[in-house]
Amino acid sequence: MDEEEIKYFVRIRNTDLDGTKAVHIALTGIKGIGPHTSRTITALANVDPRAVLGKLDDGSVERLANAVDAYTEQVPDWMLNRPKDVYTGEARHLLGTDLTMTNDDDVNRMRKMRSYRGIRHETGQKVRGQRTKASGRTGTTVGVSRKKE
């Protein structure tokens, strides 16, 4: 193929992906798909992960889009980013705006029930047990203030 025939943007799952990158790297542009998931999707779609995404034919791009949509049914639950949904109990793999909205809902639920993590989210402090004495300082109160003489 000539350099002129490359598609610079390939649209999969309401996301514009960079057509100049390799398939397994370009798929990570979709929120909710990381390096491991993108390799799995390329294997399910039977597409070369190192091929340039913009040079793929329409059939391969369609297979990739179908593999992204059917990812939840084709892999075990431990490979999903939401193995047990809080409300339904089913295993799901969230992508794009669904992931963002669900994450916001989870944080709001923690804040409403006044859990420790919810309170830490509210106050803007570290949530996952990191130390806060030396790092994570925000605002103007950094360091030790000296007494005025």
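Reader: How many nonpolar, polar and charged residues does the lining of the largest pocket have?
Author: In this predicted model, local features need pLDDT of at least 70 and side-chain atom pairs pLDDT 80 or more, while totals for chains, interfaces and linings use all residues. Residues are numbered from 1 along each chain, and side-chain values use heavy atoms, without hydrogens and water. A pocket is an open set of 1 Å grid points where a 1.4 Å probe fits, with protein on both sides within 12 Å along at least five of seven lines, and lining residues have an atom within 4 Å of a point. Counting Ala, Val, Leu, Ile, Met, Phe, Trp, Tyr, Cys and Pro as nonpolar, Asp, Glu, Lys and Arg as charged, and the others as polar, the lining of the largest pocket has five nonpolar, five polar and six charged residues.

Reader: Which residues are the closest to the centre of the largest pocket?
Author: The volume of the largest pocket, the space filled by probe spheres set on its points, is about 340 Å³. Of its 16 lining residues, the closest to the centre are Asn103, Asp106, Val107, Arg117 and Arg128.

Reader: Which helix gives the most to the lining of the largest pocket?
Author: Helices are DSSP runs (H or I, at least four residues). At least two lining residues come from each of helix H5 (97–112) and helix H6 (116–123). With eight residues, the helix that gives the most is H5.

Reader: How many nonpolar residues does the lining of the second largest pocket have?
Author: The second largest pocket holds about 170 Å³ of space. Its lining includes Arg120, Lys126 and Arg137, together with Thr123 and Ser135. By class, there are seven polar and three charged residues, and the number of nonpolar residues is no more than none.

Reader: Against which helices do the buried residues of H2 pack?
Author: Helix H2 covers residues 35–45, and its buried residues (under 20% relative accessible area, 1.4 Å probe) are Thr37, Ser38, Thr40, Ile41, Thr42 and Ala45. Asparagine 46, with a positive phi near 60 degrees, follows H2. Those buried residues pack, with heavy atoms within 4.5 Å as the criterion for contact, against helix H1 (23–26), helix H3 (58–69) and helix H4 (71–74).

Reader: Between which domains does the largest nonpolar core lie, and why?
Author: This core has 23 residues, and Ile12, Leu27, Ile41, Leu53 and Leu64 have the most contacts inside it. Strand E1 (9–12), H1, H2 and H3 each give two or more residues to this core, and H3 provides the largest share, five residues. Because both domains give residues to the core, it lies between domain 1 (9–77) and domain 2 (79–123).

Note on methods:
Buried means under 20% relative accessible area, exposed over 50%, partly exposed in between (1.4 Å probe, protein chains only). A nonpolar core is a set of buried Ala, Val, Leu, Ile, Met, Phe, Trp, Tyr and Cys residues joined through side-chain atoms within 4.5 Å. Domain bounds come from an automatic or database domain assignment.
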